[in-house]
Amino acid sequence: MALSALPAITSSRIEPEPRKGSTPAIVTSIKRASYPTRSLQFLRKLEGKSPGACSNVESVRNDRKLQLQVTVVGAGIGGLATSIALAREGHAVTVLEQASALAEVGAGIQIPPNSSKLLLKWGLGPLFEGKAVEPRGITFRRWETGNAIGYTRLIPDFRSSFEAPYYVIHRAHLHEALHETAVKLGVTVKLNSRVTEYNEMVPSIKMQDGAILKSDLIVAADGVKSAARKLILGKDNKDPIRTGFAVYRSTIDVQKMKDDPETATLLREPALNVWIGPQRHVMSYTIAAGKSFNLVLSHVDDTDPATWRPEDSLDNMRAQFEGWDPVLTKIIAMIDKTIKWPLLSGDPSIPSWISQSGKVIMLGDAAHAMVPYMSQGAAMAVEDGAALAAALSHVHTISDLPKALSVFDIVRRRRAGQMQEASLVNGKIWHFDDGPEQAARDEAMEPETKGLPISESPNQWTDPVTQAWAYGYSAEDDIHSSWNQFKSRLF
Ligand SMILES: Cc1cc2nc3c(=O)[nH]c(=O)nc-3n(C[C@H](O)[C@H](O)[C@H](O)COP(=O)(O)OP(=O)(O)OC[C@H]3O[C@@H](n4cnc5c(N)ncnc54)[C@H](O)[C@@H]3O)c2cc1C
């Protein structure tokens with residue numbers, strides 16, 4: 001594989017700085033970003049500095065393709081999405097899942113337009129009906145009062161700008177829709193099928209029961225604790241690390257909120273509400289066609305998850321948000337069950353997502369675990385699947401496979417690495433202690449709360465440059481234009 005002949009990917013990591021107070025070490029500096037954004041202008045103005053630039057993609061189709069036998073390890077969102085994208089292109093796909101039933105941890109998930117556009121193209125639209133919710137907007141709220149300090153209008157702006165909706169949905173509903181679509185397309189999904197060994201040269205996998213399965217390509221979508229990552233990266237492997245952030249994930253029956261006029265106001269229309277404050281934030285929205293209110297409560301926690309006691313979670317969660325907006329704390333008091341979850345982030349500078357043989361690749365959280373502060377982890381996995389199918393559309397003979405994969409590798413490491421960074425940047429922007437940076441942030445977001453024209457914003461959903469980069473992106477177009485860019489060096 002001619003990886004060395006291709007341009008190096010610039011690391012998109014945030015520059016480490018000495019640890020300050022209780023801020024997690026992984027997110028201590030946001031002086032500059034490697035992705036297109038004007039969300040940090042408010043800080044540059046504090047220092048008197050200037051912005052970065054945007055990139056473009058163009059679309060190219062290639063209709064002559066080779067049909068491959070592909071084994072996908074893991075039936076999470078990444079594995080199932082990839083199986084759909086590949087099956088649609090005529091590849092024969094088998095998905096192996098270790099669990100005895102398909103399930104997802106946590107309740108809600110946001111599907112931003114860069115992902116929904118692909119899912120709708122793949123035919124999931126009818127399966128979302130009566131399940132997905134399309135919020136009208138996202139309101140950022142001051143932690144102690146609940147006053148609106150930032151706003152992104154999703155309807156009609158996102159649909160008209162990105163030709164796709166911004167959905168929120170119950171994870172189980174998304175997972176079922178992906179599974180049903182995959183099976184309809186002829187994908188074989190095998191449960192109780194734990195992969196225990198890889199032979200990257202054949203390539204083949206060995207299962208727990210000793211069975212061996214050969215294929216042309218193995219796609220490891222085996223999640224944040226990926227075993228395949230160790231095979232692919234060998235001595236260069238860096239497992240995702242704890243960021244120092246943890247979340248409580250909970251849902252409430254909306255009826256409870258409707259019974260109280262104060263909390264009922266948050267249900268007037270489908271919306272996302274995010275309270276941001278010192279070292280913490282709360283992301284919320286309704287799912288299950290508006291029947292359930294989903295909350296993700298983020299806070300700083302450096303302790304080892306092995307020491308966490310589930311029975312303490314509810315009290316600890318309430319203590320973390322004492323003194324916050326009385327409407328929010330009322331909602332938190334309604335929660336009767338919660339799961340505490342550590343947030344990990346992978347290293348965006350890992351040298352490759354492809355094994356030496358060019359026959360085993362990884363994607364999804366296995367390749368790019370990220371904090372959920374851009375709500376893009378699963379969206380990146382959906383893009384990975386689409387990008388892989390687009391890359392394989394350029395494969396005419398099996399000997400072309402490593403070339404197509406190296407383009408996939410370059411394109412996806414750049415895109416996902418930048419999204420890992422953007423996610424950490426939100427973990428900084430949202431969590432300022434009250435002071436000059438928080439005041440500058442809130443002042444910079446104020447115009448959007450008044451419906452005034454915006455040229456930049458610390459709210460990365462609103463910031464026009466970040467918005468176009470995050471939501472207007474086409475994984476397929478990026479692959480095709482990159483293929484054209486690199487092909488003279490590959491052949
Ligand atoms: C609090 C929180 C909120 C989030 N919110 C959003 C959001 O709003 N929007 C968004 O896009 N993303 C969000 N994310 C991120 C998103 O949940 C993940 O990025 C996504 O689910 C990862 O999917 P995956 O398929 O890569 O991995 P996983 O879901 O981890 O799936 C991996 C699968 O592989 C299987 N597996 C592992 N090893 C083996 C083996 N040896 N053999 C067979 N099977 C195996 C596992 O059992 C599992 O089913 C959020 C994450 C968190 C923590």
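## Helix 2 and the parallel sheet

In this predicted model, helix 2 lies across three strands, namely strand 1 (69-73), strand 2 (92-96) and strand 11, and it runs at about 170° to strand 2. Strands of a sheet pair through backbone hydrogen bonds, either parallel or antiparallel. The strands that helix 2 lies across belong to an open sheet of 5 strands with the order 7-2-1-11-17, and the pairing in this sheet is parallel.

The edges of this sheet are formed by strand 7 (188-190) and strand 17 (360-362), each of which pairs on one side only, and the twist from one strand to the next averages 20°. Strand 11 (residues 217-220) is joined to strand 17 by 3 bridges in the parallel sense, and within this pairing Ile218 of strand 11 stands opposite Val360 in strand 17.

## Helix 2 against helix 6

Two packed helices are described by the angle between their axes and the distance between the axes. For helix 2 (residues 77-88) and helix 6 (residues 171-184), the angle is about 30° and the axes are 9 Å apart. Angles under 35 degrees count as roughly parallel, and helix 2 and helix 6 are therefore roughly parallel to each other. Their crossing is left-handed.

On the side of helix 2, the contact is made by Ile77, Leu80, Ala81, Ser83, Ile84 and Ala87, while helix 6 contributes Leu174, His175, Leu178, His179, Thr181 and Ala182. Sorted by class, this contact has 8 nonpolar and 4 polar residues, with no charged residues.

## The antiparallel sheet

A further open sheet is formed by 3 strands in the order 8-9-10, and here the pairing is antiparallel. Its edge strands are strand 8 (195-199) and strand 10 (212-214), each pairing on one side only, and the twist averages 20° from one strand to the next.

Strand 8 and strand 9 (residues 204-207) run antiparallel and are joined by 4 bridges; looking at a single position, Asn199 has Ser204 in strand 9 as its bridge partner.

## Around the ligand

Which residues are closest to the ligand? The ligand is surrounded by 34 residues, and the closest are Gly74, Gly76, Gly223, Gly364 and Gly377. By class, the residues of this shell divide into 17 nonpolar, 12 polar and 5 charged.

Helix 2 appears again here, since at least two residues of the shell are supplied by each of helix 2, strand 3 (108-111), strand 12 (241-253) and helix 13 (377-392). Helix 13 gives the most to the shell around the ligand, with 4 residues.

Definitions and conventions:
Residues are numbered from 1 along each chain as its sequence is written. This is a predicted model: local features need pLDDT of at least 70, side-chain atom pairs count only at pLDDT 80 or more; totals for chains, interfaces and linings use all residues. Axes are lines fitted to C-alpha atoms, for helices over the stretch in contact, and angles run from 0 to 180 degrees between N-to-C directions. Angles under 35 degrees count as roughly parallel, over 145 as roughly antiparallel, 65 to 115 as roughly perpendicular and the rest as oblique. A crossing is left-handed if the near helix is turned anticlockwise from the far one by less than a right angle, and right-handed if clockwise. Two residues are in contact if their C-beta atoms, placed from the backbone, lie within 7 Å. Ala, Val, Leu, Ile, Met, Phe, Trp, Tyr, Cys and Pro count as nonpolar, Asp, Glu, Lys and Arg as charged, and the others, Gly among them, as polar. Two strands pair if DSSP finds at least two bridges between them. A residue is near a molecule or strand if its C-beta atom, placed from the backbone, lies within 6 Å of it.
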